[in-house]
Amino acid sequence: MSEVFEGYERQYCELSANLSRKCNSTSLLPHTDEKKEKVLEIKSGLDDAEVLIRKMDLEARSLQPSVKAMLLAKLREYKSDLNQLKREFKRLLSPDANQAAHEELLDSSRADLQSGPSDQRERMTMSVERLNQSGDRIKESRRIMLETEELGISIVEDLNQQRETLLHSRNKLHGVDDAISKSKKVLTAMSRRMSRNKWIVGSIIAVLVIAIIFVLYFKLSH
């Protein structure tokens, strides 16, 4: 669920309930400056409600198809609610609005007068239910966000441990490389020594052979 959509939804529900109350109270006023001022307030509120409806529509259409379908279904209910408010506002602008309102008061019972029109009660009940649902969804979103944050922290810690392990392994590899380099140097030195020793031994053998030949020649000649 989009938190942006829920924010617009909460604002609309509060505004809708407020406009409904204003329409019912304004319909009982005579044609005075006070009523004109109330009518202007209602007109401004309806404009704000239109803006919120458009914002909710844009936000809903930008989401994934599964969430989008659910939010657009709710949005149709809000559009129907807004159209009902507009009809009530048009009745306020009617010249016979006061007379119609007084006739409704005369026809309604004293209990209905104290509790208010049923449409208003239903709309307010729906608004409260929607606000409660929005609050529950916000709590659920916060819970998921906290769980996601904890999971992210755990993943970061695991990555840090893996990084330290890789750095430790890298240091070990550097140590192995150094040992191999030293071994190569030792083997090269030993190889050189062996080559030098071969030449020395060969030279000694050659000198001995020459000496033996010289001794034999000297003896045979005498």
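**Stop 1: Ile53**

Select Ile53 in this predicted model. Show everything it touches beyond four places in sequence: Tyr12, Leu75, Tyr78, Lys79 and Leu82. Ile53 sits in helix 2. Is Ile53 buried or exposed? Its relative accessible area is 5%, so Ile53 is buried. Now draw a distance from the C-alpha of Ile53 to the C-alpha of Lys79. The viewer should give 7.2 Å, for two residues 26 places apart along the chain.

**Stop 2: helix 2**

Select residues 33-61, which form helix 2. What span should the 29 residues of helix 2 have at 1.5 Å a residue? The expected figure is 42 Å, and the end C-alpha atoms are 42 Å apart, so the two agree. Next, colour the buried residues of helix 2: Lys35, Val39, Ile42, Gly45, Leu46, Ala49, Leu52, Ile53, Met56, Asp57, Glu59 and Ala60. Keep the numbering in mind as you look down the helix. An α-helix has 3.6 residues a turn, so residues three or four places apart point the same way.

**Stop 3: helix 3**

Add residues 65-93, helix 3. This helix has 29 residues. From first C-alpha to last it reaches 41 Å, close to the expected 42 Å. Colour its buried residues too: Leu71, Leu72, Lys74, Leu75, Tyr78, Asp81, Leu82, Gln84, Leu85, Glu88, Phe89 and Leu92.

**Stop 4: helix 2 against helix 3**

Show both helices together. Two packed helices are described by the angle between their axes and the distance between the axes. For helix 2 and helix 3 the angle is about 165 degrees, and the axes lie 10 Å apart. The two helices are therefore roughly antiparallel. Their crossing is left-handed. Which residues make the contact? From helix 2, select Lys35, Val39, Ile42, Lys43, Leu46, Ala49, Glu50, Ile53, Met56, Asp57, Ala60 and Arg61. From helix 3, select Lys68, Leu71, Leu72, Leu75, Tyr78, Lys79, Leu82, Leu85, Lys86, Phe89, Leu92 and Leu93. Colour this contact by class. You get 16 nonpolar residues, eight charged and no polar.

**Stop 5: Thr26**

Move to Thr26, in helix 1 (residues 3-26). Its relative accessibility is 0%, so Thr26 counts as buried. Which residues does Thr26 touch, setting aside those up to four places away in sequence? They are Lys35, Lys38, Val39, Ile42 and Leu92. Lys35, Val39 and Ile42 are among the buried residues of helix 2. Leu92 is one of the buried residues of helix 3.

**Stop 6: helix 1 against helix 3**

Hide helix 2 for a moment. Helix 1 and helix 3 pack at about 20 degrees, with axes 10 Å apart. That makes helix 1 roughly parallel to helix 3. The crossing of helix 1 and helix 3 is left-handed. On the helix 1 side, select Phe5, Glu9, Tyr12, Cys13, Ser16, Leu19, Ser20, Cys23 and Thr26. On the helix 3 side, select Leu71, Lys74, Tyr78, Asp81, Leu82, Leu85, Glu88 and Leu92. By class, this contact holds 10 nonpolar, three polar and four charged residues.

**Stop 7: helix 1 against helix 2**

Bring helix 2 back and hide helix 3. Helix 1 and helix 2 pack at an angle of about 155 degrees, with their axes 9 Å apart. Is this pair roughly parallel or antiparallel? Helix 1 is roughly antiparallel to helix 2. Helix 1 passes helix 2 in a left-handed crossing. The contact of helix 1 with helix 2 divides into 15 nonpolar, three polar and eight charged residues.

**Stop 8: the whole chain**

Zoom out and colour by secondary structure. The protein chain has six helices and zero strands. From the N terminus, its elements run α-α-α-α-α-α. Then colour by burial. Of the 222 residues in the chain, 23% are buried. Finish with a contact map. Among contacts with a separation of 6 or more, 79% join residues 24 or more positions apart.

Notes. Residues are numbered from 1 along each chain as its sequence is written. This is a predicted model: local features need pLDDT of at least 70, side-chain atom pairs count only at pLDDT 80 or more; totals for chains, interfaces and linings use all residues. Side-chain values use heavy atoms; hydrogens and water are left out. Axes are lines fitted to C-alpha atoms, for helices over the stretch in contact, and angles run from 0 to 180 degrees between N-to-C directions. Helices (H or I, at least four residues) and strands (E, at least two) are DSSP runs, numbered from the N terminus. Angles under 35 degrees count as roughly parallel, over 145 as roughly antiparallel, 65 to 115 as roughly perpendicular and the rest as oblique. A crossing is left-handed if the near helix is turned anticlockwise from the far one by less than a right angle, and right-handed if clockwise. Contact means heavy atoms within 4.5 Å. Ala, Val, Leu, Ile, Met, Phe, Trp, Tyr, Cys and Pro count as nonpolar, Asp, Glu, Lys and Arg as charged, and the others, Gly among them, as polar. The expected span of a helix is 1.5 Å times one less than its number of residues. Buried means under 20% relative accessible area, exposed over 50%, partly exposed in between (1.4 Å probe, protein chains only).
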